[in-house]
Each structure stands twice: as C-alpha cells, then as structure tokens.
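Open the model in your viewer and keep the sequence beside it. This tour goes from stop to stop, saying what to select and what is there.

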Amino acid sequence: MEGLNRVKNDMNELNMIEPKKVFGFFKEIADIPHGSKNTAAISAYLVEFALKRRLKYRQDELGNVIIFKSGKGDSPVILQGHMDMV
C-alpha cells in the first residue's frame with residue numbers, strides 16, 4: 001500500500017510542474033490502464049482527443065492511431081510514441 005500512496009503523491013505533484021497543460025495530458029494518459037496488449041482504452045482516448053480538437057485522425061483495426069495537425073511552415077514534423085506502458 002505504501003508504494004501505491006507514493007505513486008498517488010507523485011501524480012499529484014504533476015499539478016505543480018510547468019507547463020501545466022502538458023503535464024495535465026500526461027496525468028490523463030497515465031490514469032488510463034494501458035499495458036502491453038491492453039491498449040483499447042488509450043486508443044479510444046486518442047481518438048476522442050482528436051475529435052474534441054477537430055483534428056484528422058486514422059485508427060486501424062489493431063487500434064493504432066495517427067493524429068494529423070497542420071503546422072506552420074513547410075517542413076513536416078512527426079512525433080511517434082507507443083500506446084502501451086511496459
């Protein structure tokens with residue numbers, strides 16, 4: 001139980017780290033169970049994230065999600081990450 005309390009305290013400390021908006025998203029994602037082969041909930045979160053912001057997205061039959069965001073300038077930028085937390 002002590003380990004769980006430490007994790008909860010660490011997560012509460014995220015509210016004090018700048019930039020708050022970025023770490024707010026981090027906390028939302030960390031609160032979603034998303035271990036190996038258990039990515040349905042995080043995949044749904046990412047789709048909802050795109051929908052709320054009217055962003056184009058693709059979700060394949062395996063639950064992989066690509067979100068498209070127009071930027072400024074001519075050079076594209078790609079950010080990639082894993083949905084599972086191992």
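The stops below run from aromatic rings to a hairpin, a pocket and a few loop residues. Bear in mind throughout that this is a predicted model.

**Stop 1: the aromatic rings**

Start with the aromatic side chains, where the structure holds two aromatic pairs. Select Phe25 and Phe49. Their ring centres are 5.4 Å apart and their planes meet at 75°, an edge-to-face pair. Now colour the helices. Phe25 belongs to helix α2 (residues 20-30) and Phe49 to helix α3 (residues 40-52), so this pair ties together parts that are 24 residues apart in sequence.

Are these two rings buried, exposed or something in between? Phe25 is partly exposed, at a relative accessible area of 23%, and Phe49 is also partly exposed, at 22%.

Add Tyr45 to the selection. The centres of the Tyr45 and Phe49 rings lie 6.4 Å apart with 40° between the planes, so this pair is tilted. Why is it not called edge-to-face? That term needs planes over 60 degrees apart, and the angle here is 40°, so the pair falls outside it. Tyr45 and Phe49 are four residues apart in helix α3, a separation of about one helical turn. Tyr45 has a relative accessibility of 15% and counts as buried; the cut-off for buried is under 20%. With all three residues shown, you are looking at one aromatic cluster of Phe25, Tyr45 and Phe49.

**Stop 2: charges over rings**

Keep Phe49 and select Arg53. The charged end of Arg53 sits over the Phe49 ring, 3.7 Å from the centre of that ring. Then move to Lys56 and Phe68. Here the charged end of Lys56 sits over the ring of Phe68, at 4.8 Å from the ring centre.

**Stop 3: the hairpin**

Select residues 56-59, strand β1, and residues 65-68, strand β2. The two strands run antiparallel and are joined by four bridges. Within this pairing, Tyr57 stands opposite Ile67 in β2. Five residues lie between the strands of the hairpin, and Gly63 there has a positive phi near 95°.

Next, pick Ile66, which lies in strand β2. Ile66 is partly exposed, with 45% relative accessibility. Draw a distance from its C-alpha atom to that of Leu46: the separation is 8.8 Å, although the two residues are 20 apart along the chain.

**Stop 4: the largest pocket**

Switch on a surface. The largest pocket holds about 1,600 Å³ of space. Which residues are closest to its centre? Of the 38 lining residues, they are Val65, Ile67, Leu79, Gln80 and Gly81. Colour the lining by element: α2, α3, β1 and β2 each supply at least two residues, and α2 gives the largest share, with five. Coloured by residue type, the lining splits into 21 nonpolar, 11 polar and six charged residues.

**Stop 5: two loop residues**

Most residues other than glycine have a negative phi. Two exceptions end the tour.

Select Lys37, in the loop between α2 and α3. Its phi is positive, near 65°, and Lys37 counts as exposed at 85% relative accessibility. Last, select Arg54, in the loop between α3 and β1. The phi of Arg54 is positive too, near 55°, and Arg54 is exposed, with 79% relative accessibility.

Key: Residues numbered from 1 in each chain as written. Predicted model: local features only at pLDDT ≥ 70, side-chain atom pairs only at ≥ 80, totals over all residues. Heavy atoms only, no water. Phe/Tyr/Trp six-rings, centres within 6.5 Å; stacked < 30°, edge-to-face > 60°. Buried < 20%, exposed > 50% of the residue type's maximum accessible area, 1.4 Å probe, protein only. Lys NZ or Arg CZ within 6 Å of the ring centre and 35° of its normal. Pairing = 2+ DSSP bridges. 1 Å grid on protein atoms, 1.4 Å probe; cavity = no way out; pocket = protein on both sides within 12 Å on 5 of 7 lines; lining within 4 Å. Points joined across faces, edges and corners; volume = space filled by probe spheres on them. Nonpolar A, V, L, I, M, F, W, Y, C, P; charged D, E, K, R; others polar.
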